[in-house]
Amino acid sequence: MPIKPLIILPDPVLRQVSKPVERVDGALLKLADDMLETMYDAPGIGLAAIQVGEPLRMLVIDLAKEGETPAPHVFINPEVLESSDQRSVYEEGCLSIPDYYAEVERPAAVRVKYLDRDGKLLEMEAGGLMATCLQHEIDHLNGVLFIDHISKLKRDMVVKKFKKLAKDRAAGAKAAGRMVG
Ligand code: NI
């Protein structure tokens, strides 16, 4: 199961709206396993398929802490059916926006429907970190990032920083290319 390269801000791929999964088959489950491995390696607690460049409505989550038994969840075509009026604030981060964290307010609880890895239609009522994580990852499927939920001033600063990092990386790669001829 190979670890896949992560798509990093400001790559426009992150703004794509992912397509519904039409068939839960071996290729899809292989992608789910690769996503889990990529997420564990990062390490992270959630990952959407678009973050490894696959515009499919699938995400993986594992909230188990270090030293606990892994508890991988695969959500295919997840959809929020209901959100609580009560809201909560979590400090969020994103594997596509490395080393940046900000407080985001979202509904404290959600009810979602999704297909599991057997293609079975299930519902989950989630609160706490699971509710936040599900909403963060479902946002990814719609091309939405957690920085879209913070102030424009803060968001513009983050995007500017990541644009500069991407430019520096590209310049670095070019310089390395020159050195090897
Ligand atoms: Ni994210």
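## Close-up views of a predicted nickel-bound model

**View 1. A proline in the lead-in to helix α1.** P10 sits in the segment that comes before α1. Its peptide bond with L9 is cis, with omega near 5°. Keep in mind while browsing that this is a predicted model. A second cis bond turns up between A42 and P43, where omega is about -10°. P43 belongs to the loop between α1 and β1 (46-48). As a bit of background, most peptide bonds are trans.

**View 2. T38 tucked into helix α1.** T38 is part of helix α1, which covers residues 26-41. With a relative accessibility of 2%, T38 counts as buried. A polar atom of the T38 side chain lies 2.7 Å from the backbone oxygen of D34. Setting aside neighbours within four places in sequence, T38 contacts P2, I3, K4 and L6, along with L47 and V52.

**View 3. The nickel site.** Three protein donors hold the nickel ion here: SG of C94, NE2 of H136 and NE2 of H140, at 2.1 to 2.3 Å from the metal. If you like motifs, the donor spacing along the chain reads C-x41-H-x3-H. Two of these donors link distant parts of the chain: C94 comes from strand β4 (residues 87-94) and H140 from helix α2 (residues 128-141), 46 residues apart. Both C94 and H140 are buried; for C94 the relative accessible area is 9%.

**View 4. Next door to the metal donors, G93.** G93 is in strand β4. At a relative accessible area of 27%, G93 is partly exposed. Not counting residues up to four places away in sequence, G93 touches Y100, Y101, F146 and the nickel donor H136. For a sense of scale, the C-alpha atoms of G93 and V21 are 26 Å apart, with their positions 72 residues apart along the chain.

**View 5. Cysteines without a bridge.** How many disulfides does the structure hold? The count is 0. The sulfur of C133 has its closest cysteine sulfur in C94, but the gap is 10 Å, so the two are too far apart for a bond. C133 is buried too, at 5% relative accessibility.

**View 6. The β4-β5 hairpin.** Strand β5 (residues 97-107) runs antiparallel to β4, and 7 bridges join them. The two strands form a hairpin with 2 residues between them. One bridge to look for pairs E92 with A102 in β5. Also in strand β5 is D99, a non-glycine residue with a positive phi of about 65°. D99 counts as exposed, at 66% relative accessibility.

**View 7. Strand β6 between its partners.** On one side of the story, β6 pairs with strand β3 (residues 73-83) in the antiparallel sense over 5 bridges; here V80 stands opposite V112 in β6. β6 also pairs with β7, again antiparallel, over 7 bridges, with Y114 opposite L122 in β7. The hairpin made by β6 and β7 has 5 residues between the strands, and G119 in its turn has a positive phi of about 80°. Side chains alternate along β6: V110, V112 and Y114 point to one face and are buried, whereas A109, R111, K113 and L115 point to the other face and are not. Back in strand β3 you'll find N77, a non-glycine residue with a positive phi near 50°. For reference, most residues other than glycine have a negative phi.

**View 8. The largest nonpolar core.** Which members of this 16-residue core touch the most other members? They are L59, F75, M124 and L134. Elements giving two or more residues to the core are β2 (58-61), β6 (109-115), β7 (121-127) and α2. The top contributor is α2, with 6 residues. Zooming in on F75 and ignoring neighbours within four places in sequence, you get contacts with R57, M58, L59, I61, Y114, L115, M124, M130 and L134. Another core, of 15 residues, lies apart from this one, and its members include L31, M35, M58 and V74. In soluble globular proteins, nonpolar side chains tend to be buried together.

Key: Residues numbered from 1 in each chain as written. Predicted model: local features only at pLDDT ≥ 70, side-chain atom pairs only at ≥ 80, totals over all residues. Heavy atoms only, no water. Donors = N, O, S within 2.8 Å, 3.2 Å for Na, K, Ca; no water. Helix = DSSP H or I, 4+ residues; strand = E, 2+ residues; numbered from the N terminus. Buried < 20%, exposed > 50% of the residue type's maximum accessible area, 1.4 Å probe, protein only. Polar contact = N/O pair within 3.5 Å; in protein donor to acceptor, adjacent residues only side chain to side chain. Contact = heavy atoms within 4.5 Å. Core = buried A, V, L, I, M, F, W, Y, C linked by side-chain atoms within 4.5 Å. Pairing = 2+ DSSP bridges. Disulfide = S-S within 2.5 Å.
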